[in-house]
Amino acid sequence: MQVEAIYKQGHLEFVNPIKLKHDHLRLVVLVPDDEIETQSTPYELSPDVLRKAEEMRQRIDAARRAPLSPDEELPEITAKELERIEAFELRAQMRREQGRPV
Amino acid sequence: MDLLLDINIAVDICSRRAPFFEVADLAVAKCTTTGGRLWLYAGSVQTLEYVLRSELRNTNANEGISATVRQLAQQTRNTLQAFAADKFWLAALAGEGNVFDSTDPEDEQLILALSRFELGTIKLLTRDIALCERYPQWMITPQEYLEAPQRARPINFIDLAGQQDNLRPQLERNLHRVLHHGQYIMGPEVAELEGKLGEYTGAKHCITVASGTEALLIALMALGIKPGDEVITTPFTFVATAEVIVLLGAVPVFVDIEPDTCNIDASKIEAAITPKTRVIMPVSLYGQPADMDEINAIAVRYNLPVIEDAAQSFGAEYKGRKSCNLSTIGCTSFFPSKPLGCYGDGGAIFTSDDGLAKAMREIRVHGQEKRYVHTRVGVGGRMDTLQCAVVLAKLERFDWEVEQRLKIGERYNKLFVGKVPVVTQRPERTSVFAQYTVFVEDREAMQEKLKQAGIPTAVHYPVSLHLQPAYRDGCRVRGGVEVAERMAQRVMSLPMSADLAEVEMRQIVAAFGSIAD
């Protein structure tokens, strides 16, 4: 279905509230062409800042994409960890309901 | 301005969460590029880990990365390790624990942590609009931060904050240990520090004391200096050197200095010796020992002890031996700005003479040989345990700091060639550059111009001690001290720290050059 939403600082808010089945889902959004910032960054930043940001991005992405150990060589997920995962999912859910970032 | 990174920002960056990560990347890069510090709250570690783990599932799905639950845990930790590598951890303190009556304990902890800082020096970087609206003075969004004017960090004369950033875990660990064991006077850290300092210098004994001044006073007392005795020293030094002599009723006998090192001119000492001379007390000014071989040789000929006033030179070397272990007694200071400093007053005395060590240990504690048995007159001169804990933490990277100081001093020397004369470092000696000092004409005008360029300066020292009102009549001057008088008009010290960046050094020298032209 097509619905109307307001974009505000990184968030989309439905004009008429809808209750969704899942906390996380992919949507297709129609953005007016004249609202798209064509410059690489709208901020007045020195080349040093841009270079630093790029370096940091490469470093973080490299760590995130580093080859992972085979599953069987890794420690078991403990019951305590599973409880924590659930607890933090609950935190995420509460924050989303409050319209706050996670 | 520093930034404390909220969980949502850290997760945006670590998980490459669109569309937020790009602006967060830029904000974080802007902060570090302009000399700001990036903090992560230690109390948020678990939240950070589990929220990122959850978010990485989405990123992996978008990027076609397949990971099991266990691999996801490993990927999360890999990413966080890389992310945290260049951030500072802000400790969670006891007062930030009981926040359960708050609407949001997690936010309350962050607000309490931020309130330790001066308002305006740090903000929480967040995209939580509700939090921004509630605490506007403590919050900033990445967009707001990027739109804010970019201000470079000012150059500090001594960058103690930078040093503290790099030693915070060790400092906090050591200080908390003392707070928990509660032995604030003569606690275990005192003996531990004395052992480590003795080993570092090679001296048989190290006795920590309340300050560098107290170190000199106790050393003179242990040598039995009494009214009418004479102590040969330099007039071009901090007042404490002469002060302790006069306090004991003795007479400081000033000998002129070398024009290039500003240290006492050893070739002029012998002429100043009289039957009343009891001690020779050279000062290792600006962090470089004087000509100790020549001074020690004179002392041996006249059977005199030598006290090295090494308040500025702990870590320096003379012919392969450490300052503080170059003569009968060595005295140093741990004043905060010293190469090895504490967070208050502190000092240490070094000797390899067992008898003197015993005397100095007793004098330090009111001349007490054992509890309530006072065999000599002493002082209350102990260094407290908390200050020893600070120095112990700083010792952990002191070798690196000395190495850096040597490099920075050499770099300054090279950059100043042809521009301004600087204090000379003699062969077979190192200087730890407690001060990096240059010689200038019309010093006041020069200082003012450098100040306008954002470069702080200081003068060590503007008046030779024999001209100071309190010492004019109580001292004796052997020969002329014209060099000391002349240098007091010309010396000017520049910013110096182990963490001084190349870009800052270049800025300092460039400003200097343009002024001199």
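Me: Which two helices of chain B flank the loop that holds B:Met186?

Reply: This is a predicted model, where local features need pLDDT of at least 70, side-chain atom pairs count only at pLDDT 80 or more, and totals for chains, interfaces and linings use all residues. Residues are numbered from 1 along each chain as its sequence is written, while chains are lettered from A and ligands numbered from 1 in the order in which they are written. Helices (H or I, at least four residues) and strands (E, at least two) are DSSP runs, numbered from the N terminus. In chain B, the loop of B:Met186 runs between helix H8 (160–181) and helix H9 (188–201).

Me: What is phi of B:Met186 near?

Reply: B:Met186 is partly exposed, with 16 other C-beta atoms within 10 Å; buried takes 20 or more such atoms, exposed 12 or fewer, and partly exposed is in between, with C-beta atoms placed from the backbone. Its phi is positive although the residue is not glycine, and the value is near 55°.

Me: Is B:Tyr372, another residue to check, buried or exposed?

Reply: B:Tyr372 sits in the loop between strand E15 (368–370) and strand E16 (373–374) of chain B. Its phi is also positive, near 65°, in a residue other than glycine. With 7 other C-beta atoms within 10 Å, B:Tyr372 counts as exposed.

Me: Which residue does a cis peptide bond join to B:Ala18?

Reply: The partner belongs to the loop between helix H1 (7–15) and helix H2 (21–33) of chain B. Omega at this cis bond is about 0°, and the residue joined to B:Ala18 is B:Pro19.

Me: What is omega for the cis bond between B:His460 and B:Tyr461?

Reply: B:Tyr461 is placed in the loop between helix H16 (443–452) and strand E18 (476–477) of chain B. For its cis peptide bond with B:His460, omega is about 10°.

Me: Turning to the chains, which element gives the largest share of the side of chain A that touches chain B?

Reply: The contact (C-beta atoms, placed from the backbone, within 7 Å) takes 33 residues from chain A and 37 residues from chain B. Helix H1 (47–64) and helix H2 (79–97) of chain A each supply at least two residues of chain A's side. The largest share, eleven residues, comes from H1(A).

Me: Which element gives the most to the side of domain 2 of chain B that touches domain 3 of chain B?

Reply: An automatic or database domain assignment sets the bounds, and chain B is divided into domain 1 (2–153), domain 2 (162–395) and domain 3 (398–516). The C-alpha centres of domains 2 and 3 of chain B lie 23 Å apart. Their contact takes 39 residues from domain 2 of chain B and 40 residues from domain 3 of chain B. On the domain 2 side, the most residues, four, come from E8(B).

Me: Which helix supplies the largest share of the largest nonpolar core?

Reply: A nonpolar core is a set of buried Ala, Val, Leu, Ile, Met, Phe, Trp, Tyr and Cys residues joined through C-beta atoms within 7 Å. The largest one has 105 residues, and B:Ile218, B:Ala219, B:Leu220 and B:Ile349 have the most contacts inside it. Its largest share, eight residues, comes from chain B's helix H10 (residues 212–222).

Me: Between which domains of chain B does this core lie?

Reply: Both domains in question give residues to this core. It therefore lies between domain 2 (162–395) and domain 3 (398–516).

How values were computed:
Contact = placed C-beta atoms within 7 Å.
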